[in-house]
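Here's a quick briefing to read with the structure open beside you. Have a look at the fold first, then work through the notes below.

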Amino acid sequence: MTELGRLIATARARRGYTTQQAFADALGKTPTFVSRLERGAAKEMPSPEDVRLIARVVGLPVARLLEAAGYLDPAAPTGDVRTVPGDDPRAVVLDLLDGLTDQQVAGIVNALRPILAIAGIRDNPSSLPKHHTNAETA
């Protein structure tokens with residue numbers, strides 16, 4: 001069993017998924033996918049998107065699972081550093097956003113802009129993603 005497999009199996013049980021089938025159902029994956037991951041017998045590492053999904057379902061930090069899957073080098077400096085304590089409401093928002101596509105995040109940011117304006121909060125347009133419609137990108 002790999003470190004990733006141990007982390008997933010332990011977190012799965014802790015979250016009350018007593019069978020691999022139940023966990024697979026929660027992920028929208030097959031029991032074989034879960035079994036191979038937990039045993040370290042997967043032909044390929046799960047995609048980063050699958051790792052994010054697993055982290056969200058079992059309640060583990062995404063970075064921890066990405067590191068265990070080999071996507072992050074813990075010794076390498078990264079620009080993706082969380083500076084918000086885990087019990088801060090902003091951490092919940094960050095965790096929710098982490099599993100979304102860039103397009104979904106951009107849509108949420110654009111939906112928040114009017115609310116921020118009403119509250120008198122200005123965003124920095126150069127640091128926030130812009131949502132592009134199909135007509136704009138065509």
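What follows is a short tour of a predicted model, grouped by topic.

The chain is built from eight helices and zero strands. Its mean pLDDT is 80, with 77% of the residues at 70 or more. Four salt bridges turn up in the structure, and a good part of the notes below deals with them.

**How far to trust it**

- Confidence peaks in helix α2 (residues 20-27), where the mean pLDDT is 96.
- At the other end of the scale sits helix α8 (residues 134-137), with a mean of just 38.
- Over residues 126-138, pLDDT stays under 50. The model gives that stretch 18 contacts beyond four places in sequence.

**Overall build**

- Going along the sequence, the pattern reads α-α-α-α-α-α-α-α.
- Of the 138 residues in the chain, 25% are buried.
- Take the contacts between residues at least 6 apart in sequence: 46% of these join residues at least 24 apart.
- The chain exposes about 9200 Å², and carbon and sulfur atoms supply 57% of that area.

**Helix α1 and what packs on it**

- Helix α1 covers residues 3-14, and its end C-alpha atoms are 16 Å apart. That agrees with the expected span, because twelve residues at 1.5 Å each should also give 16 Å.
- Which residues of α1 are buried? They are L4, G5, I8, A9, A11 and R12.
- The cover over those buried residues includes α2, α3 (31-39), α4 (48-58) and α5 (62-68).
- Just after α1 comes G16, which takes a positive phi of about 95°.

**A68, a contact point for α1**

- A68 is found in helix α5. With a relative accessible area of 15%, A68 falls under the 20% cut-off and so counts as buried.
- Setting aside neighbours within four places in sequence, A68 is in contact with E3, L4, L7 and M45.
- A68 and L7 are 61 residues apart in sequence, yet their C-alpha atoms are 8.4 Å apart in space.

**Salt bridges between α1 and other helices**

- The side chains of E3 and R64 meet in a salt bridge, at 2.0 Å from N to O. This pair links distant parts of the chain, with E3 in helix α1 and R64 in helix α5, 61 residues apart.
- Are these two partners buried, exposed or partly exposed? E3 is partly exposed at a relative accessible area of 37%, and R64 is also partly exposed, at 28%.
- E3 and R64 also belong to a network of salt bridges that takes in E67.
- E38 and R12 form another salt bridge through their side chains, at 2.6 Å from N to O. Here too the pair links distant parts of the chain: E38 belongs to helix α3 and R12 to helix α1, 26 residues apart.
- Both E38 and R12 are buried.

**The K29–D50 pair**

- K29 forms a salt bridge with D50, and their closest N and O atoms are 2.9 Å apart. K29 lies in the loop between α2 and α3 while D50 is in helix α4, so the pair ties together parts that are 21 residues apart in sequence.
- K29 counts as partly exposed because its relative accessibility is 28%, between the 20% and 50% cut-offs.
- D50 has a relative accessible area of 15%, which means it is buried.
- Apart from residues up to four places away in sequence, D50 touches K29 and F33.

**A nonpolar patch on the surface**

- M45, Y71 and L72 make a nonpolar surface patch of about 260 Å².
- Where is Y71 found? Y71 is in the loop between α5 and α6 (89-98).
- Y71 has 35% relative accessibility, so this residue counts as partly exposed.
- M45 has a part in two of these topics: M45 helps make the patch, and M45 is one of the residues in contact with A68.

Terms used: Residues are numbered from 1 along each chain as its sequence is written. Side-chain values use heavy atoms; hydrogens and water are left out. pLDDT is the predictor's confidence in each residue, from 0 to 100. Helices (H or I, at least four residues) and strands (E, at least two) are DSSP runs, numbered from the N terminus. Contact means heavy atoms within 4.5 Å. The expected span of a helix is 1.5 Å times one less than its number of residues. Buried means under 20% relative accessible area, exposed over 50%, partly exposed in between (1.4 Å probe, protein chains only). Patches are made of residues with over 30% relative accessible area and no salt bridge: like charges are joined within 9 Å, nonpolar side chains (Val, Leu, Ile, Met, Phe, Trp, Tyr) within 5 Å. Accessible areas come from the Shrake-Rupley method with a 1.4 Å probe; for residues, only the protein chains shown count as cover.
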